[in-house]
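Hi,

Here is the structure I promised to send over. Have a look at it first, and then read on for what turned up when I went through it.

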Amino acid sequence: MKRGVCIAAVVLLLVLVVENTLGATLSRKPPQQTFKETFIARCHLAIKDQYKGSDCETIWSTFEQAYVGRDPRKIPKDAYNPLFQVAPITTPRDKTMFWSKTERVVHAYNDKTKCFVTMEDTLLGSVLNNLSWCGKEGSSETFTSGCPDWNACKDNKYNPVRSFWTQGSAKFAEAACGDATVMLDGSIATPFNTSSFFAMYEVPNLNSAKVRKLTVVLVTATTPVSECANESLDELRRKLDSNIIYECKEVSETRINECASNNNISCTDCW
């Protein structure tokens with residue numbers, strides 16, 4: 001009888017040990033990727049898709065030289081010039097797509113159709129999209145917390161993330177050739193905002209020697225707020241190189257969604 005009780009106790013103890021071990025294993029969170037691991041993984045994915053021949057380790061080491069060990073409030077856009085030399089931005093002819101206040105619509109459309117290339121579709125853009133980073137003086141590490149906010153630095157010029165996208169936007173515009181397109185928001189009173197990245201860094205860098213035409217796709221809601229005759233779009237025409245043809249088309253978001261979901265509508269027939 002005592003022997004049976006002892007065996008039962010041992011079995012119960014083993015069950016408890018297994019349950020506790022299994023529970024601890026299941027509740028243990030997988031290790032989180034470091035910033036570098038995320039960077040390299042995204043880079044390899046981009047290379048696999050379309051940027052064959054690029055060296056992700058070289059791109060990473062050049063990237064971190066722009067900000068590691070430096071005051072995160074003093075990273076000018078030019079600090080990323082070596083990065084854009086080892087991973088230059090290139091876009092196919094007639095495929096450049098800019099956007100302002102229409103990110104969701106643009107990417108929902110382009111993810112399905114692959115009709116255009118946005119800055120976020122380039123090698124560096126796809127690697128760094130929605131990431132935050134900075135360095136600190138005296139440290140060789142990359143930090144993802146405790147970094148300056150997007151608008152924190154004086155004149156918004158020296159935030160390490162903002163400086164990357166500032167220089168990237170300029171390089172992206174410089175790479176445009178043939179016919180370029182921009183999606184602007186027709187549901188707001190000022191579709192062309194002179195303080196937007198598109199206005200400040202992309203429009204001034206469109207080269208009429210390479211770009212023939214800029215088409216504004218004014219994305220409208222059920223009740224449009226703005227039309228192609230909008231005063232802010234007149235300002236866009238004035239800022240645009242006079243040798244670049246300008247045109248504007250009012251296109252409903254419903255139509256854009258229809259184009260994205262219908263394979264029979266070609267890229268050139270949506271608007």
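Let's start with Trp 165, which is buried, with a relative accessible area of 11%. One thing to keep in mind throughout is that this is a predicted model. Trp 165 sits in helix 7, and if you leave aside its neighbours within four places in sequence, Trp 165 is in contact with Met 119, Glu 120, Gly 125, Leu 128, Asn 129, Trp 150 and Phe 197. Asn 129 is 36 residues away from Trp 165 along the chain, yet their C-alpha atoms are separated by 9.4 Å.

Some of those names come back in the pocket. The largest pocket has a volume of about 610 Å³. Its lining is made up of 24 residues, and the closest to the pocket centre are Trp 99, Glu 120, Trp 150, Phe 197 and Phe 198. Which parts of the fold supply at least two residues each to that lining? They are strand 1 (97-100), helix 7 (160-175) and helix 8 (197-202). Helix 7 gives the largest share, with five residues. By type, the lining divides into twelve nonpolar, seven polar and five charged residues.

Now for the cores. The largest nonpolar core holds 54 residues, and the ones touching the most other members are Phe 63, Tyr 80, Leu 128, Trp 133 and Phe 164. Phe 164 is a good one to click on: apart from its neighbours within four places in sequence, Phe 164 is in contact with Tyr 80, Leu 83, Phe 84, Met 119, Leu 124, Leu 128 and Trp 133. There is also a second, separate core of 16 residues, which includes Val 105, Val 106, Tyr 109 and Met 183.

Two members of that second core, Val 106 and Met 183, are also on the contact list of Met 97. Beyond its neighbours within four places in sequence, the other contacts of Met 97 are Phe 116, Val 117, Thr 118, Phe 172, Thr 181, Val 182 and Trp 271. Met 97 belongs to strand 1 and counts as buried, at 2% relative accessibility. Its C-alpha atom is separated by 6.2 Å from that of Ala 180, a residue 83 places away along the chain.

Helix 3 is worth a look too. Its residues run 56-64, and the buried ones are Cys 56, Ile 59, Trp 60, Thr 62 and Phe 63. At the start of helix 3, a side-chain oxygen of Asp 55 comes to within 3.1 Å of the backbone nitrogen of Glu 57.

Last, a few loop residues. Most residues other than glycine have a negative phi, but there are exceptions here. Asp 94, in the loop between helix 4 (81-86) and strand 1, has a positive phi of about 70°. Lys 101, in the loop between strand 1 and helix 5 (103-113), also has a positive phi, near 65°. Are these two buried or exposed? Asp 94 is partly exposed, with a relative accessible area of 36%, whereas Lys 101 counts as exposed at 61%. Ser 139 lies in the loop between helix 6 (123-128) and helix 7. At 18% relative accessibility, Ser 139 falls under the 20% cut-off and so counts as buried. Leaving out neighbours within four places in sequence, Ser 139 is in contact with Val 68 and Gly 69.

Cheers

How values were computed: Residues numbered from 1 in each chain as written. Predicted model: local features only at pLDDT ≥ 70, side-chain atom pairs only at ≥ 80, totals over all residues. Heavy atoms only, no water. 1 Å grid on protein atoms, 1.4 Å probe; cavity = no way out; pocket = protein on both sides within 12 Å on 5 of 7 lines; lining within 4 Å. Points joined across faces, edges and corners; volume = space filled by probe spheres on them. Helix = DSSP H or I, 4+ residues; strand = E, 2+ residues; numbered from the N terminus. Nonpolar A, V, L, I, M, F, W, Y, C, P; charged D, E, K, R; others polar. Core = buried A, V, L, I, M, F, W, Y, C linked by side-chain atoms within 4.5 Å. Buried < 20%, exposed > 50% of the residue type's maximum accessible area, 1.4 Å probe, protein only. Contact = heavy atoms within 4.5 Å. Polar contact = N/O pair within 3.5 Å; in protein donor to acceptor, adjacent residues only side chain to side chain.
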